[in-house]
Amino acid sequence: MSRQIINPILPGFHPDPSIIRVNNDYYIATSTFEWFPGVRIHHSTDLMHWEPLGHVLTRQSQLDMLGAPDSCGVWAPCLSYDKGMFYLVYSNVSSFDGPWKDTPNYIVTSESINGPWSEPVFLMSRGFDVSLFHDIDGRKWITNMVVDHRKAKFFGGIELQEWDPVSQKLIGDVYPIFPGTELCCTEGPHIYQRNGWYYLITAEGGTEYGHAVTVARSKNIIGPYEVHPDNPIFTARNTPEELFQRTGHADFVFTPDDDCYAVYLASRPLKPNRRCILGRETVIEQVEWRADDWPYAASGHKTTRTEVPLPYSANEERNTVGTTSAIDHFNEDKLCVHWQTLRVPADDSWISLKERTSYLRLKGRESLCSTKRQSFLARRLQSTNAEAACQIEFCPDNFQQMAGLVCYYNTSHFHYLYISVDEINNEKCKLNIISNNNGEASEPLLDYISFDKAAPLLLKVHVDNNNIQFYYSLNTVTPEWKSVGPVLDGSILSDDYVREGGSRYRPAFTGAFIGVSCQDLSGLQKHADFDWFSYKDL
């Protein structure tokens, strides 16, 4: 009896999946937007169990996002492999406000999926969602969507140009190959070759509830392309009752037995507000190729199943790897794979695992509203029912020095349980909450909690669907958890809410993160020490 793949295969913020198979190994690359390092890689040998390997863009010379607006940075990477070399193309979006979009695109290479990856080579800036196709004749082609600012059109269709790996430049004519279908917002192109056809897979309908996977094909790579007779092949746009919504932006992979699967992004909205605090996750579905040489959903439905059968038996004894529940005691000489920072690398100027043995030390820098130099270390929220906790020691000297536990979406949407100085008694600390909702800050705790400066403190957050509750304990040996403040609205940590909150469109493509932070707005880099951090799905 075949085993079942459980969706989502990559829970939490893992959008825009790009998948390849090299021999018996499968790799998925996903977008990271403003989070550093850039482009997360997962590995599997059976399409069922996925393990995070690390990231591709680990140096600021590969990925400079200093000052990048929220939800900009790395968009829609495409991972490929040809003749012993791994290739990754990606966009580093630097602005997305107003009629013009700044979308430079780059390519990096490596002989190993684990790196080191090369310095980036610039491709062009005509659009985003770049994809690299290796043709059987040896030529290599770049596809991308075109940003057209004229008359607020924005989506200008899909274009194609040859890339020369010797000169490392785009060469020859630029071919507009596909204007899109009536679903509009055509992006995320990938080209495949099968049975003499070139297949163009695109994402259409926008990244919200109208999202869809569409297919076109041609006998010539430059077109013309005819559209699938039953487009879209995957979507939830007309089935609001389905668990997986906003499905789109697909990539195909073939097993050694020539079975075909599609990976694509999806979201699981909470009730009743239909907000998705986990962001856009990665799911998988089977694809069947019928006698007409078109791909269809093997289930016979355009929606996504929670369980997808494998075409072969997996190892019955194997446990799921890359578990989302873990405790980090900061005993290693480098950060574990789950941690990410905002926009800039974690370097010795502001973060240390060595200055105090078995502790994480954060040196306070800019505020949580900054798009430049935050001292913030966080990991994805991967379940709508989860807990995170930490032990912290912090001795602030003034009110501009803060440290604590953060539930974060972007610079305008977060809940922060923080320690600062007690202004009434400077020999003590205070514990307080600040919430930022659409850029409007509030302190929902009616009376802050005072405690001794030298005392280590435990902080905890419980996420239960739309609800967030903070806790603390002065007893670090046998925790005696006490709630801090009211139940907070966790649904503001979602792209749905961010897009709702204002008169103008704001890009919102990420998901909720939980982590530890330290600020020193006076510029003195007052530090906070964290003994451990735990996260578990409940």
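Q: Before the cavities, what are strands here, and from where are they numbered?
A: Strands are DSSP runs of at least two residues, numbered from the N terminus, and they are read here from a predicted model.

Q: Good. How many cavities of 30 Å³ or more does a search of the whole structure find?
A: The search finds two cavities of that volume, the largest with about 50 Å³ and the second largest with about 30 Å³ of space.

Q: Which strands each supply at least two residues of the lining of the second largest cavity?
A: Strand E7 (73-82) and strand E15 (187-194) each do so, and E15 has the largest share of that lining, with three residues. The lining residues include Ala76, Pro77, Gly188, Pro189, His190 and His249, and by class the lining has four nonpolar, four polar and one charged residues.

Q: And how do the residues lining the largest cavity divide by class?
A: They divide into nine nonpolar, one polar and no charged residues. Among the residues that line this cavity are Ile277, Leu381, Cys407, Val463, Gly490 and Phe513.

Q: Switching to open space, what volume does the largest pocket have?
A: The largest pocket has a volume of about 850 Å³. Of the 32 residues that line this pocket, the closest to its centre are Pro37, Thr58, Lys334, Leu335 and Cys336.

Q: Which strand gives the most to that pocket's lining?
A: Strand E6 gives the most, with four residues. Strand E6 (51-57), strand E26 (340-342) and strand E27 (351-352) each supply at least two residues of the lining, whose residues divide into 17 nonpolar, nine polar and six charged.

Q: You listed Cys336 close to the pocket centre. How far away is the nearest cysteine sulfur?
A: The nearest one, the sulfur of cysteine 390, is 15 Å away, and cysteine 336 is in no disulfide. Cysteine 336 has a relative accessible area of 33%, so it counts as partly exposed.

Q: What about cysteine 395, where is its nearest cysteine sulfur?
A: That sulfur belongs to cysteine 429 and is 6.0 Å away, while a disulfide needs the sulfur atoms within 2.5 Å, so cysteine 395 is in no disulfide either. Cysteine 395 is also partly exposed, at 36% relative accessibility, and the structure as a whole holds zero disulfides.

Q: Moving to rings, how many aromatic pairs does a search of the whole structure find?
A: The search finds 31 aromatic pairs. One of them joins phenylalanine 252 and tryptophan 289, whose ring centres are 6.4 Å apart.

Q: Why is that pair edge-to-face?
A: The planes of the two rings stand at 85°, and an angle over 60 degrees counts as edge-to-face, so the pair falls in that class. The pair links distant parts of the chain, with phenylalanine 252 in strand E20 (residues 245-254) and tryptophan 289 in strand E22 (residues 281-289), 37 residues apart.

Q: Is phenylalanine 252 buried or exposed, and is tryptophan 289 buried or exposed?
A: Phenylalanine 252 is buried, with a relative accessible area of 4%. Tryptophan 289 is at 18% relative accessibility, and because buried means under 20%, tryptophan 289 counts as buried as well.

Q: Last topic, charges over rings. Which ring does arginine 379 lie over, and which ring does the charged end of lysine 460 sit over?
A: Arginine 379 lies over the face of tyrosine 535, at 4.0 Å from the ring centre. The charged end of lysine 460 sits over the ring of tyrosine 471, at 5.1 Å from the centre of that ring.

How values were computed
Residues numbered from 1 in each chain as written. Predicted model: local features only at pLDDT ≥ 70, side-chain atom pairs only at ≥ 80, totals over all residues. Heavy atoms only, no water. 1 Å grid on protein atoms, 1.4 Å probe; cavity = no way out; pocket = protein on both sides within 12 Å on 5 of 7 lines; lining within 4 Å. Points joined across faces, edges and corners; volume = space filled by probe spheres on them. Nonpolar A, V, L, I, M, F, W, Y, C, P; charged D, E, K, R; others polar. Phe/Tyr/Trp six-rings, centres within 6.5 Å; stacked < 30°, edge-to-face > 60°. Buried < 20%, exposed > 50% of the residue type's maximum accessible area, 1.4 Å probe, protein only. Lys NZ or Arg CZ within 6 Å of the ring centre and 35° of its normal.
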